[in-house]
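Thanks for asking me to look this one over. Here are my notes, set out as numbered points so that you can follow them with the structure open.

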Amino acid sequence: MAYELAAAGEYASIPALLARNARDIGDKPAYREKEFGIWQSWTWADTAEEIRALALGMLALGIERGDHVAIIGRNRPAHYWAMVAAQMCGAVPVPLYQDAVAEEMVYTLDHCHARFVVCGDQEQVDKVLEVQEQVAHIEHVIYFDKRGMRKYNHAHLNWYHDIQEEGRAAHTRLESELDARIAELDYDSTCVMLYTSGTTGKPKGVVLSNRNIVESAINSAEFDSLHRDDDILAYLPMAWVGDFIFSLGQAYWVGFCTNCPESPDTMMNDLREIGPTYYFAPPRVFETQLTNVMIRMEDAGRFKKRMFDYFMAHAKNVGPAILDGKPVSAIDKLKYKLGEFFIYGPLKNTLGFSRVRIGYTAGEAIGPEIFEFYRSLGINLKQLYGQTEATVFITVHPDGQVRADTVGVPAPGVELRIADNGEIFYRSPGTFVEYYNNPESTADTKDSEGWVATGDAGFIEENSGHLRIIDRAKDVGKMSDGRLFAPKYVENKLKFYPDILEAVVFGSGRDMCTAFINIDLTAIGNWAERNNIAYASYQELAGHPQVYGAIQAHVEEVNKSVAADEMLSGCQIHRFLILHKELDADDGEMTRTRKVRRIVVADKFSDLIGALYDGSTQQYTETEVTYEDGRKGKITATLEIRDAAVMAAQKVAAE
Amino acid sequence: MNQMNAESYVTADGRTIGGVVMEMKNITLRFGGVTAIEDISFDIREGEIRAIIGPNGAGKSSMLNVISGFYVPQEGEVWFHGAPRPKMRPYKVAKQGIARTFQNIALFEGMSVLDNVMTGRLTHMKSGMLSQAMWWGKAQREEFENRAQVEKVIDFLEIQAIRKTPVGRLPYGLKKRVELARALAAEPKLLLLDEPMAGMNVEEKEDMSRFILDVNDEFGTTICLIEHDMGVVMDLSDRVVVMDYGKKIGDGTPNDVRNNQAVIDAYLGVSHD
């Protein structure tokens, strides 16, 4: 166990933890990355040397205390090292989303006054050079991948390895300065600044101190008894707080190994090869994997299919109980063991989950069927509820008390409070310091006693103490007749169908609810193939009458289940349409973490919303789309609008 | 045009174009009574991207086959590195550092991408059949070295995700990329591309253009390509040879060629009488 190594507070920064790991477990692997088809690895001692060389090189470039260093790239050891190297120099690392287009970067780069930018490759360098006129204070760009960079003017461009070489060469001159700067780091100095994805308005720079990161890492590592032999796969955006806490906070505190995939496309293969023991994924990833499994099973031979169905049904019955250590009859246990041998084991291996000891999902609600599927296989999948401002952890599922409909109990060290309007407040050691250069927003979010408003509405279940989330507090509204309107609640129910990728429900201030639906191309496309339905484009498939029929059936089923809840029965969907394009972050309709921007969508498709409420059965629309390279185009479509059957509120029947 | 006759010069985007590496001297190729190529001469300089364009049936692919040694012209000589190249088998030509891709993809459909690309290394393997069968000693060492080279190419062309996928299961655009990978694995000095972008969509064409430019830029490989998409040709190449009915009707920079009346006629379809 790693915790015996130190009492809290003894190691007050990531560089201090790095020094400890290099000293105590120097020959254990700290990073692995697949390159040229082989997993390359670096021990903690190697890592310390690499980071130190880079930090010395940065000093030679003239980095000052308090400078902001933007890091843009995919998950690679070198990019993590750049963050720690910046910390060593007393600077603040600011990881940014690598798939953001140049104009989106202008705001963040300008807001944090980045003097240095570390770029993964030519693509990112190009973006930075493109915005350099608007963001004049960028002095040096450091890039890692040399490919295509030869012809650039290198006056302010530096190859990562050159900087390291410079650092190594200058070590006698700069070492004392670097050591002094490392020694200055304490619990109150800034560890990292992360931009919130900004579901509303401009992104805000959340400043997290070493105290936030280190204490959150200590608490959460203890909660799940993480140990040095754990492995994680770092594949989620580096700009996201979760990746920072897992791949840097916990990894450095506990001393486990961070594995980086070869490329984003090979993620699933790499996952299988590494077989992480500690795994995090947003619900969407679990959903996609399950959809893929189901699609492949549809194509499997009859014998295999029957065996799969038989054992999966058994797993559904007893799997979660076995996982939670509840009593199960000996026969059932034996059958489960057989299933493990024939189905669950190989399936978990294919998915890359053979070794998963702790799996987390968060960010969005996960469908109960999806959640139960993984748990029935014996994968300890849990939910957590958190946000950047809390350094991730607000509530988590303890082992043995895992339920799909709650987000768990307060994480260690976290206090919870529910305001009168249902909004959730918390206070914890992870509570952020401030929003950078934005005292008004800081004051709006965090009060003088340190309580932070989450913006989510929810309640704590009385007997279990588990937190349940209803919706975003500001999205919970009233319909014109005063009934409660909770769009997310209905959208999540819709999204649990594999056919539906995304749904947006409208109805605040109106007399009825309506919805936009995005179909899931993988699931519907496969279905179309099996039913001999020809289609040429996403748009054509989305508008197909049979697809409309299938979606209508889903909507009506959801209406039935919504009607069962007395408080929310007003949220049944009366009319809906299937959108002709997928909602996309490039078009501003979603955040980079794939959350729908309700206001943008409502604004952009106002003609369609009008049609949903004026009773028309079809509507012509034109939509501007942005391609990945930034060019714009236009798509036009005539969309069908359908009525869905609604249930009468069950209140009468109950009386 | 002056600079073209100099030994070497630097292009506007900073690449150095060297001296002549290959020269076609009065090539004539006949198939029975059909004259596919008639008295054509042109040269290829070191480090340049040289395009051959022309309408269907102009003799472009035949020309490429002459360069690769697959066809032997009835008249004329192919000069390579300042000396006439004797008649030789295509594999000998490959050993001289010339690699190619084909218009109608010629990969081993049942083999994985990795194995296909490995075949590009055959000219670099020297171990005997017995030691290869035993996978011992030199054969083993060679495989490690060759695999490392192949992995570099896979990384370069960003096809890591399909490394183990059988080629038969890949879409057309990716197969084209695998073919390029196999040619690159041979570490050629001169790369011949026969319609690398035929049948691709805009995005695939952009990717392929980027790879061709990167190959030329990173490895300094001389590239000779046949292409139909005029936009691509004009953007990529340093010099263009235009063929029509087996004859050369134009030769020069993209701009020269674009303004050449004979070329315009050939493409707009002026009657040949």
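The points below start with the interface and then turn to individual sites and aromatic rings.

1. A word on the source before anything else: this is a predicted model. Please read each point below with that in mind.

2. Let's begin where the two chains meet. On the chain B side, 15 residues are in contact with 15 residues of chain A. Together the chains bury about 1300 Å², and carbon and sulfur atoms account for 40% of that area.

3. How many salt bridges are counted between chain B and chain A? The count is four. If you would like one to look at, A:Arg147 forms a salt bridge with B:Asp214, and their closest N and O atoms are 3.1 Å apart. Polar contacts also cross this interface: six residue pairs are found, with both residues of a pair at pLDDT 80 or more.

4. Which helices of chain B each supply at least two residues to the side that touches chain A? They are H6 (138-156) and H8 (202-219). H8(B) gives the most, with six residues. Sorted by class, this side of chain B has 11 charged residues, three nonpolar and one polar.

5. Next, a loop site in chain B. B:Glu109 sits in the loop between strand S8 (98-101) and helix H4 (113-119) of that chain. Its relative accessible area is 38%, so B:Glu109 is classed as partly exposed, a label that covers values between 20% and 50%. Beyond its neighbours within four places in sequence, B:Glu109 is in contact with B:Pro166, B:Val167, B:Gly168 and B:Lys175. For B:Lys175, the C-alpha atom is 9.5 Å from that of B:Glu109, although 66 residues separate the two along the chain.

6. Now to the aromatic rings, of which there are 29 pairs over all chains. One of them joins A:Phe144 and A:Tyr160 edge-to-face, at 5.0 Å centre to centre and with 85° between the planes. This pair links distant parts of the chain, 16 residues apart: A:Phe144 is in the loop between strand S6 (140-143) and strand S7 (157-159) of chain A, while A:Tyr160 belongs to helix H6 (residues 160-169) of chain A. Are these two residues buried or exposed? A:Phe144 is buried, with a relative accessible area of 17%, and A:Tyr160 is buried too, at 1%.

7. A second pair worth a look is A:Phe506 with A:Phe516, also edge-to-face, with 4.9 Å between centres and 70° between planes. Here the pair links strand S24 (residues 500-506) of chain A, home of A:Phe506, to strand S25 (residues 513-519) of chain A, home of A:Phe516. The two residues are 10 residues apart. Relative accessibility is 9% for A:Phe506, which therefore counts as buried; for A:Phe516 the value is 1%, so A:Phe516 counts as buried as well.

8. Rings in chain A also gather into a group. A:Tyr235, A:Tyr279, A:Phe286, A:Phe353, A:Phe373 and A:Tyr374 form one aromatic cluster.

9. Finally, a serine in chain A. A:Ser441 lies in helix H15 (residues 439-445) of that chain. Its relative accessibility is 17%, and the cut-off for buried is under 20%, so A:Ser441 counts as buried. Which residues does A:Ser441 contact, leaving aside its neighbours within four places in sequence? They are A:Lys204 and A:Tyr435.

Conventions
Residues are numbered from 1 along each chain as its sequence is written. Chains are lettered from A and ligands numbered from 1 in the order in which they are written. This is a predicted model: local features need pLDDT of at least 70, side-chain atom pairs count only at pLDDT 80 or more; totals for chains, interfaces and linings use all residues. Side-chain values use heavy atoms; hydrogens and water are left out. Contact means heavy atoms within 4.5 Å. Buried area is the accessible area (1.4 Å probe) that two parts lose on being put together, summed over both. A salt bridge is a side-chain nitrogen of Lys or Arg within 4 Å of a carboxyl oxygen of Asp or Glu. A polar contact is a pair of N or O atoms within 3.5 Å; within protein, one must be able to donate a hydrogen and the other to accept it, and residues adjacent in sequence count only if both atoms are side-chain atoms. Helices (H or I, at least four residues) and strands (E, at least two) are DSSP runs, numbered from the N terminus. Ala, Val, Leu, Ile, Met, Phe, Trp, Tyr, Cys and Pro count as nonpolar, Asp, Glu, Lys and Arg as charged, and the others, Gly among them, as polar. Buried means under 20% relative accessible area, exposed over 50%, partly exposed in between (1.4 Å probe, protein chains only). Rings of Phe, Tyr and Trp (its six-membered ring) pair if their centres lie within 6.5 Å; planes under 30 degrees apart count as stacked, over 60 as edge-to-face and the rest as tilted.
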